[in-house]
Protein chains: 2
Amino acid sequence: MPQPRAQRRQTTIVDIARVAGVSKSTVSLVLKGSPLVRPETRARVEEAIGQLGYVYNRGAASLRTARTGLVGMVISDLTNPFFAELAVAIEEAIYAHGYVPILANTSEDAARQEQVLRTMREYGVAGVIMSPARRTPSWSLVDFAKAMPLMTIMRRVEGAPLPYVGPDNRAGAASAVRHLVGLGHNDVAFVGGDASMATQRERLAGFRDALLEAGLPCDAAQIYEAAPTRQGGREAIARALASGRRYTAYLAYNDIVAIGATAALSERGVEVGRDVGVVGFDDIAEAAHNNPPLTTVDGRTRALGARAADLLLQVIAGSAPQAVEHIGETRLVVRASCGALARGGEPQRKRA
Amino acid sequence: MPQPRAQRRQTTIVDIARVAGVSKSTVSLVLKGSPLVRPETRARVEEAIGQLGYVYNRGAASLRTARTGLVGMVISDLTNPFFAELAVAIEEAIYAHGYVPILANTSEDAARQEQVLRTMREYGVAGVIMSPARRTPSWSLVDFAKAMPLMTIMRRVEGAPLPYVGPDNRAGAASAVRHLVGLGHNDVAFVGGDASMATQRERLAGFRDALLEAGLPCDAAQIYEAAPTRQGGREAIARALASGRRYTAYLAYNDIVAIGATAALSERGVEVGRDVGVVGFDDIAEAAHNNPPLTTVDGRTRALGARAADLLLQVIAGSAPQAVEHIGETRLVVRASCGALARGGEPQRKRA
DNA sequence: CTGAAAGCGCTTACAG
DNA sequence: CTGAAAGCGCTTACAG
């Protein structure tokens with residue numbers, strides 16, 4: 001528990017009431033901008049507030065109203081730039097609705113996640129918006145879901161029918177592969193992530209959809225599972241190259257995997273965008289500044305984060321069903337890494 | 001203000017007391033693990049707690065004790081990977097001390113920063129740890145600093161004698177330039193940032209120190225101010241190249257500037273690490289995966305964040321002076337972008 | 001070792 | 001339009 005700290009007694013509405021010559025009920029009404037208060041009375045109260053340097057005590061109000069104005073924000077890995085962008089959008093939307101976010105970064109640790117959910121509940125959060133840690137057991141969330149709305153984002157927790165917001169992973173991955181096929185690529189590998197992640201399964205499904213519809217090879221050997229990180233991208237490339245099969249392009253699980261893959265290929269003298277194509281997913285800020293600039297599937301991260309926060313607050317307010325779901329459109333952003341620009345084209349945008 | 005939400009009356013210590021057959025004072029003592037309670041009594045109370053699914057109401061406790069256990073975390077730009085890493089370290093340390101962080105991302109907006117500080121104060125935070133928005137006027141913080149400890153990190157606010165934690169920017173930049181000089185570079189430019197940022201002035205001072213001590217040119221024309229972003233790095237390079245002066249190396253304000261600079265040079269056919277040297281500052285995760293891997297000054301971000309949180313909590317507890325300050329050591333991380341590895345060396349680490 | 005009582009700073013019917 | 005009163009769920013001396 002926190003240690004104490006000596007403090008002079010703070011100014012309360014009782015002090016304001018005394019100075020303004022009214023009751024504390026009236027002060028309270030002024031504070032919430034009630035139209036019931038006569039303008040002159042309001043002016044006297046506001047005068048006293050300024051004079052005494054009064055600071056509203058939300059904790060006291062919360063106890064009375066049983067509403068804290070706090071919302072939990074549980075992020076699986078804030079050092080991943082994708083989730084950082086998502087977190088910024090969520091944070092913004094939470095403040096915009098008059099709420100305040102309590103942050104927790106779980107570093108993909110489901111035990112830590114349970115711990116912080118418990119703490120947030122003790123703090124009386126109105127709800128929680130979370131990107132669940134990998135391998136979150138659904139039973140670890142059921143108790144919390146009964147006590148407060150739990151909005152999941154980017155990752156579904158199987159077996160837990162929670163509200164969910166995420167991009168259309170399948171359509172997005174398929175659009176990326178179709179673009180590669182259109183450029184003449186005829187042997188494409190999928191690198192990064194693994195089947196324990198719902199997102200990976202969805203993106204992989206889109207990858208298969210497009211390959212099958214083009215009549216191209218699509219077997220298990222083409223899938224190189226690896227951590228969804230830059231390092232994972234490097235490792236997957238090492239294995240793909242060691243296999244001896246000459247892929248013409250790689251679809252990466254996400255942008256940081258694609259960036260790691262690009263670095264690994266460059267180190268081996270393979271020039272991305274000329275010798276081989278690489279496409280990512282997410283369109284994080286650094287994708288445009290990669291060398292070469294990365295073609296990727298824009299999942300509209302900011303919009304998704306804002307949407308998730310909006311929906312959570314609607315569920316809290318009771319104006320949205322407990323089981324809402326939103327799947328966002330994706331859009332392919334063509335840059336140089338797929339090889340398209342080598343043919344002199346301008347960057348284009350396509351809807352998934 | 002938040003909207004209400006219908007809820008069944010929650011279980012309180014009074015309910016626990018009734019079921020366990022004790023007074024609520026005793027329940028409270030059990031809750032805080034007091035040794036005064038007899039083991040059998042404790043067991044009965046804990047039994048009742050489990051049975052009724054009681055959840056501790058921290059808000060109520062806060063009102064009584066005048067301590068909330070909340071700490072504010074105000075970040076100037078969470079989409080900058082450097083600050084995201086910093087935020088993660090801070091968040092971790094805050095939880096480790098039994099506190100809970102309220103997050104605000106100001107996007108470098110001093111007005112928004114003032115707004116969130118006001119809100120955090122109303123929520124009764126014990127203190128705030130903040131990377132101040134650029135051009136934060138010191139007067140905008142004085143009132144808050146009187147009401148609660150304000151720990152600044154990475155950026156000093158001039159004119160406000162606040163506790164501060166940051167890296168040794170001057171020594172770090174000087175060590176980077178000395179390394180470049182040792183490799184034979186004899187005309188080095190500084191790219192990114194501008195003089196309104198204390199950090200830029202400190203890093204620039206180190207840049208000058210090392211150039212002067214080596215007897216190399218050091219004039220205003222060598223400094224290319226630009227936004228401290230990837231895009232800023234690109235723009236600074238465009239201007240440096242357009243100047244006609246043939247710099248042999250660039251010291252960037254930070255890693256993302258260096259990454260943008262690398263991309264801009266590559267696009268123009270200048271090979272970083274062979275034709276020209278580039279060195280960054282911060283050692284963010286993507287520095288190692290840049291193409292080529294970026295030589296940079298490691299500011300020990302995680303350690304700095306943890307230290308800032310530790311110090312803030314000491315100030316809150318009254319065990320550290322109100323005006324603490326900590327300047328962290330830096331260390332040069334040599335990778336390929338400065339050209340050193342082209343000569344067959346192994347990556348080395350040096351203390352600043 | 002346990003209980004009765006007061007009080008933290010608000011909000012909210014209810015009177016008037 | 002304004003005030004008196006009750007109460008949110010805890011903690012903390014103080015008795016016993």
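## Notebook: two chains and two DNA strands

I started at B:L312, which is buried, with 31 other C-beta atoms within 10 Å. The cut-off for buried is 20 or more. I am working on a predicted model. I placed B:L312 in helix α12 of chain B, residues 301–317. Leaving out residues up to four places away in sequence, I found B:L312 touching B:G127, B:I129, B:P149 and B:M151. I also checked a long separation along the chain. B:L312 and B:T12 are 300 residues apart in sequence, and their C-alpha atoms are separated by 33 Å.

**Entry: B:A66**

I next looked up B:A66, in the loop between α4 and β1 (70–75) of chain B. I counted 14 C-beta neighbours inside 10 Å, so B:A66 is partly exposed. B:A126 is 60 residues away along the chain, yet the two C-alpha atoms are separated by 9.7 Å.

**Entry: DNA strand C**

I listed the surroundings of DNA strand C and got 26 residues. The closest are A:S28, B:V22, B:S23, B:S25 and B:T41. Which elements each supply at least two residues of this surface? They are α2 (24–31) and α4 (58–65) of chain A, and α2 (24–31) and α4 (58–65) of chain B. α4(A) gives the most, with five residues. I sorted the surface near strand C by class: 10 nonpolar, 10 polar and six charged residues.

**Entry: DNA strand D**

I repeated the search for DNA strand D and found 26 residues around it. Here the closest are A:V22, A:S23, A:S25, A:T41 and B:S28. Two or more residues come from each of α2 and α4 of chain A and α2 and α4 of chain B. α4(B) gives the most to the surface near strand D, with five residues. By class I have 10 nonpolar, 10 polar and six charged residues near strand D.

**Entry: α2(A)**

I then turned to the packing of α2(A). Its buried residues are A:T26, A:V27 and A:V30. Why do they sit on the same side of α2(A)? They cover an arc of only 105° around the axis, which puts them there. In general, an α-helix has 3.6 residues a turn, so residues three or four places apart point the same way. The buried residues of α2(A) pack against α1 (13–20) and α3 (39–52) of chain A.

I took the α3 side further. The axes of α2(A) and α3(A) are 10 Å apart, and the helices pack at an angle of about 90°. That makes α2(A) roughly perpendicular to α3(A). On the α2(A) side I noted A:T26, A:V27 and A:V30, which meet A:T41, A:R42, A:V45 and A:E46 in α3(A). The contact divides into three nonpolar, two polar and two charged residues. Just after α2(A), I found A:G33 with a positive phi of about 65°.

**Entry: α1 and α2 of chain B**

In chain B I checked α1 (residues 13–20) against α2. Their axes come within 8 Å and cross at roughly 105°. α1(B) and α2(B) are therefore roughly perpendicular to each other. From α1(B) the contact takes B:I13, B:V14, B:I16, B:A17 and B:A20, and from α2(B) it takes B:K24, B:T26, B:V27 and B:S28. I class them as six nonpolar, two polar and one charged.

**Entry: backbone exceptions**

I scanned the backbone last. Most residues other than glycine have a negative phi, and most peptide bonds are trans. Against that, B:R135 has a positive phi of about 60° although it is not a glycine. I located B:R135 in the loop between β3 (128–130) and α7 (139–147) of chain B. B:R135 is exposed, with 11 other C-beta atoms within 10 Å.

B:M154 also has a positive phi, near 75°. It lies in the loop between β4 (150–153) and β5 (164–167) of chain B. Is B:M154 buried or exposed? I counted 25 C-beta neighbours inside 10 Å, so B:M154 is buried.

I found a cis peptide bond joining A:N291 and A:P292, with omega about 0°. A:P292 is in the loop between β9 (277–282) and β10 (295–298) of chain A. In chain B, a cis peptide bond joins B:N291 and B:P292, again with omega about 0°. I placed B:P292 in the loop between β9 (277–282) and β10 (295–298) of chain B.

How values were computed. Residues are numbered from 1 along each chain as its sequence is written. Chains are lettered from A and ligands numbered from 1 in the order in which they are written. This is a predicted model: local features need pLDDT of at least 70, side-chain atom pairs count only at pLDDT 80 or more; totals for chains, interfaces and linings use all residues. A residue is near a molecule or strand if its C-beta atom, placed from the backbone, lies within 6 Å of it. Helices (H or I, at least four residues) and strands (E, at least two) are DSSP runs, numbered from the N terminus. Ala, Val, Leu, Ile, Met, Phe, Trp, Tyr, Cys and Pro count as nonpolar, Asp, Glu, Lys and Arg as charged, and the others, Gly among them, as polar. A residue is buried if 20 or more other C-beta atoms lie within 10 Å of its own, exposed if 12 or fewer, and partly exposed in between; C-beta atoms are placed from the backbone. The arc is that of the directions from the helix axis to the C-beta atoms. Two residues are in contact if their C-beta atoms, placed from the backbone, lie within 7 Å. Axes are lines fitted to C-alpha atoms, for helices over the stretch in contact, and angles run from 0 to 180 degrees between N-to-C directions. Angles under 35 degrees count as roughly parallel, over 145 as roughly antiparallel, 65 to 115 as roughly perpendicular and the rest as oblique.
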